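Here is a guided reading of one structure, meant for someone who has not looked at it before. Please keep the sequence and the model side by side while reading.

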Amino acid sequence: MYKKQLGLQKIACYLAILSSAIWFIYSMGMITDIFDALYYTMLNPNDLSDTLVDGSILYYDMQDFNKAFMYVGIVLILLACLLFLTNTHSRRRYYIGNYAATAVYCVTSLVTVVWSHLEISAFKQQYLTTVDFEALKTWSETLSTIKYTESTFLLDLHWAVAGISLLAVGILVANMIWKISLMRGEEQLIEAGKEAVRL
């Protein structure tokens, strides 16, 4: 039984580091379409009202979030590495460090999923409701530097990235519960053996 549980343990830890890396990569490419569509419509970075397309300020509005999102991706990678530093991927018995590393990673991942969803959904709504797509289309036909798109695919992709993260958290939690159950069972067998020896 321990062999199967240890296999799940390794899968959980490797999936955690994979999902963290995906968050980081996603943070770097998330606003690519918005950059291509809106950045070159801004005529004067010092005066964000000076633009060819109304609503293009969205690109600048997203900068603080995008930067924070990238840092969160790095933090998640470090926390996933902590699982390996504490040997959570291979340890037969868990100690306080293993529980702490698992808990911190899972909580941080869940907070990241909720926070990123709320922020990205708000920016998606802003993109669809404030950008003048008619002007964007007109200028994209005139200037090769401007790309016309109404697609929110890269923003919607956060659902898939969040799904992978939630899967990693789910497996880590399930693994920890299974680990606790096996450890308690082992302790009960040891106690039963001691009682038998005493008799």
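## From the helices to the core and the cavity

Helix α4 covers residues 63-85, and because each of its 23 residues should add 1.5 Å, a span of 33 Å is expected, which agrees with the 33 Å between its end C-alpha atoms. The model is a predicted one, and every value in this account is computed from it. The same reasoning can be applied to α5, where 35 residues at 1.5 Å a residue should span 51 Å, and the end C-alpha atoms, 50 Å apart, agree with that expectation.

Both helices have residues that are buried. In α4 these are Phe65, Asn66, Phe69, Val72, Gly73, Leu76, Leu79, Ala80, Leu83 and Phe84. In α5 the buried residues are Asn98, Ala101, Thr102, Tyr105, Cys106, Ser109, Thr112, Val113, Ser116, Ile120, Phe123 and Tyr127.

Ala80 is a useful place to look within helix α4. Its relative accessible area is 0%, and because buried means under 20%, Ala80 counts as buried. When neighbours within four places in sequence are left aside, Ala80 is in contact with Ala16, Ile17, Ser20 and Tyr105. Ala80 and Lys3, by comparison, stand 77 residues apart in sequence, and their C-alpha atoms are 22 Å apart in space.

Between α4 and α5 there is a loop, and Asn87 has its place there. What is the sign of phi at Asn87, a residue that is not a glycine? The phi of Asn87 is positive, at about 60°. As a general background, most residues other than glycine have a negative phi. Asn87 has a relative accessibility of 30%, and it counts as partly exposed because that value lies between the 20% limit for buried and the 50% limit for exposed.

Moving on to α5, the reader can find Ser109 in this helix. Ser109 is buried, because its relative accessible area is 1%. Apart from its neighbours within four places in sequence, Ser109 is in contact with Leu76, Ser165 and Val169. One of these partners, Ser165, lies in helix α8, and it too counts as buried, because its relative accessibility is 1%. Not counting residues up to four places away in sequence, Ser165 touches Ser19, Trp23, Ser109 and Val113. Ser165 and Tyr60 are 105 residues apart in sequence, with 28 Å between their C-alpha atoms.

A further loop, the one between α2 and α3, holds Asp54. Which residues does Asp54 contact, leaving aside its neighbours within four places in sequence? They are Thr130, Val131 and Asp132. From Asp54 to Ser109 there are 55 residues along the chain, and the C-alpha atoms of the two are separated by 35 Å.

The buried nonpolar residues can now be considered together. In soluble globular proteins, nonpolar side chains tend to be buried together. The largest nonpolar core of this model has 42 residues, and those that touch the most other members are Met30, Ile34 and Leu38. At least two residues of this core are supplied by each of α1 (2-29), α2, α3 (58-61), α4, α5 (96-130), α6 (133-142) and α8 (158-198). The largest share, 8 residues, comes from α4, the helix with which this account began. Leu38, one of the residues with the most contacts to other core members, touches Gly55, Ser56, Leu58, Tyr59, Tyr127, Val131 and Leu136, when residues up to four places away in sequence are not counted.

The last feature to consider is an enclosed space. How many cavities of 30 Å³ or more are there? The count comes to 1 cavity, and the volume of the largest cavity is about 40 Å³. Met30, Asp33, Ile34, Tyr127, Ser151, Thr152, Phe153, Leu154 and Leu155 form its lining. Two or more of these lining residues are given by each of the elements α2 (32-38) and α7 (153-156), and the largest share, 3 residues, comes from α7. By character, the lining divides into 6 nonpolar residues, 2 polar residues and 1 charged residue. Met30 and Ile34 thus appear in this lining and also among the residues that touch the most other members of the largest nonpolar core.

Technical notes. Residues numbered from 1 in each chain as written. Predicted model: local features only at pLDDT ≥ 70, side-chain atom pairs only at ≥ 80, totals over all residues. Heavy atoms only, no water. 1 Å grid on protein atoms, 1.4 Å probe; cavity = no way out; pocket = protein on both sides within 12 Å on 5 of 7 lines; lining within 4 Å. Points joined across faces, edges and corners; volume = space filled by probe spheres on them. Helix = DSSP H or I, 4+ residues; strand = E, 2+ residues; numbered from the N terminus. Nonpolar A, V, L, I, M, F, W, Y, C, P; charged D, E, K, R; others polar. Expected span 1.5 Å × (residues − 1). Buried < 20%, exposed > 50% of the residue type's maximum accessible area, 1.4 Å probe, protein only. Core = buried A, V, L, I, M, F, W, Y, C linked by side-chain atoms within 4.5 Å. Contact = heavy atoms within 4.5 Å.
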